[in-house]
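Student: Hey, I've got a structure open and I'm a bit lost. Can we go through it together?
Tutor: Sure, ask away.

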Amino acid sequence: MPFSALVLAGCSGQQSALSPAGEESEAVYRLFVVMVIGGISIWVGVTFLFLHAARHRREAWPAEKAGALIAWGGVAFPIVVLLLLLGYAVWLMPAIRSWNPLAEKDGAIEVTGEQFWWRIRYPAVGDQPAFETANEIRLPVGRPATFSLKATDVIHSFWIPTLGGKMDMIPGRTNFLTLTPTRTGSYRAPCAEFCGASHAYMAFSVIVMEEDDYSAWRSSLTDGQASAADKGGQLLQRHGCVGCHSLRGLQVAGQTAPDLTLIGARLSIGAGALANTPENIARFIRSPSSVKPGAKMPAFNMLPEDDIEEIARYLGGLK
Ligand code: CUA
């Protein structure tokens, strides 16, 4: 019982392909169920034949009867079942993958895998400008969203189990994936290709919202910006944080590290590594590699403790 509880614990909630919340993941889920049923039917058929043969092993079988058993039970039956499964999978493919993604690339949300975080660029829509963020994607429910997927360093893989199948992110090329969320909620998306020491700490959040909430969020993006007039903003500049990170509102804007604009509104920090609290932000600043081995950000535990806490409080308040 404890074992089955452990096994099934992965089957529900935020990061499970078995609790679909999108059109593409529904298709993946149906395929999974049909494949399991097909696999079980072959297993039952072959097991039945095996037991039948074992029980009658001392009898002299006429060659014709034995041959027919092998031909129908051991060859024809599995071939028919496997062909049916193959046909069903091929028939489902268009529902799982959009086959003409190039036609939809305008307006795609650009996601770039980096060791060990996700750079996310939303395109300009109407009078709303393009903007960059990191490690969290918000989507309106019921509308197809196309992602253009890239990588800067090594191969990563984009996978939102509750919304659909995976797609590799390969340096030097762009892959496209279209997903259509059907249920609002917060989901977790892990990197699905081993990419280095902190592969296990490379995840992003997906928040599927009602259309109205999504529009309100998009147009509120200019609020809550950092300012050089704030003490926290000054510390971020003085200690050189903005050499790598950018925060809309501050003048210097680094491009090599995750964008921190409105970081206080995100569900987690460090690409899913820690819950988003000022204490955890301070902990991350002091020693990123103790949270995420291999993180490129150096330790800043030489900064005055008051400054670390002030910066953490300030970032946590940007929402
Ligand atoms: Cu990125 Cu694994």
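**Strands, sheets and helices**

Tutor: Let's start with one pair: Val111 has Leu149 as its bridge partner in β5. Helices (H or I, at least four residues) and strands (E, at least two) are DSSP runs, numbered from the N terminus.

Student: Hang on, what kind of model is this, and how are residues numbered?
Tutor: It's a predicted model: local features need pLDDT of at least 70, side-chain atom pairs count only at pLDDT 80 or more, and totals for chains, interfaces and linings use all residues. Residues are numbered from 1 along each chain as its sequence is written.

Student: OK, back to that pair. Which strand runs parallel to β5, over five bridges?
Tutor: That's β1, residues 109-114. Another pair there is Ile109, whose bridge partner in β5 is Phe147. Two strands count as paired if DSSP finds at least two bridges between them.

Student: And how do β5 and β8 pair, parallel or antiparallel?
Tutor: Antiparallel, again over five bridges. Ala145, for instance, has Leu179 as its bridge partner in β8.

Student: What's the strand order in the whole sheet?
Tutor: β3-β2-β1-β5-β8, an open sheet of five strands with mixed pairing. β3 (131-134) and β8 each have a single partner strand, so one side of each has no neighbour in the sheet. On average, neighbouring strands here are turned by 25° against each other, direction ignored. Axes are lines fitted to C-alpha atoms, for helices over the stretch in contact, and angles run from 0 to 180 degrees between N-to-C directions.

Student: Why is β5 described as largely enclosed?
Tutor: Because six of the seven residues of β5 (145-151) are buried. Buried means 20 or more other C-beta atoms lie within 10 Å of a residue's own; 12 or fewer is exposed, in between is partly exposed, and the C-beta atoms are placed from the backbone.

Student: New topic: what about the sheet with three strands?
Tutor: That one is open too, ordered β4-β10-β9, with mixed pairing. β4 (136-140) and β9 (185-190) are the edge strands, each pairing on one side only. β4 runs parallel to β10 (203-209), with five bridges joining them. Pro140 has Met209 as its bridge partner in β10.

Student: Which helix lies across β4 and β10?
Tutor: Helix α4, residues 211-219, which runs at about 130° to β4.

Student: And the long-looking bit, how many residues does α2 have?
Tutor: Helix α2 (23-55) has 33 residues, and its first and last C-alpha atoms are 48 Å apart, close to the 48 Å expected at 1.5 Å a residue. That expected span is 1.5 Å times one less than the number of residues.

Student: Which residues of α2 are buried?
Tutor: Glu24, Ser25 and Val28. What covers them includes α3 (63-96) and β8 (175-179). Contact here means C-beta atoms, placed from the backbone, within 7 Å.

Student: What does UniProt list as "transmembrane region"?
Tutor: Its unreviewed entry lists residues 31-54 and 66-91. UniProt positions are given in the numbering used here, feature names are shortened, and annotations may be inferred rather than shown by experiment. In the model, residues 31-54 are 100% helix and 0% strand, with end C-alpha atoms 34 Å apart. Residues 66-91 are also 100% helix and 0% strand, and their end C-alpha atoms lie 36 Å apart.

Technical notes. Two residues are in contact if their C-beta atoms, placed from the backbone, lie within 7 Å.
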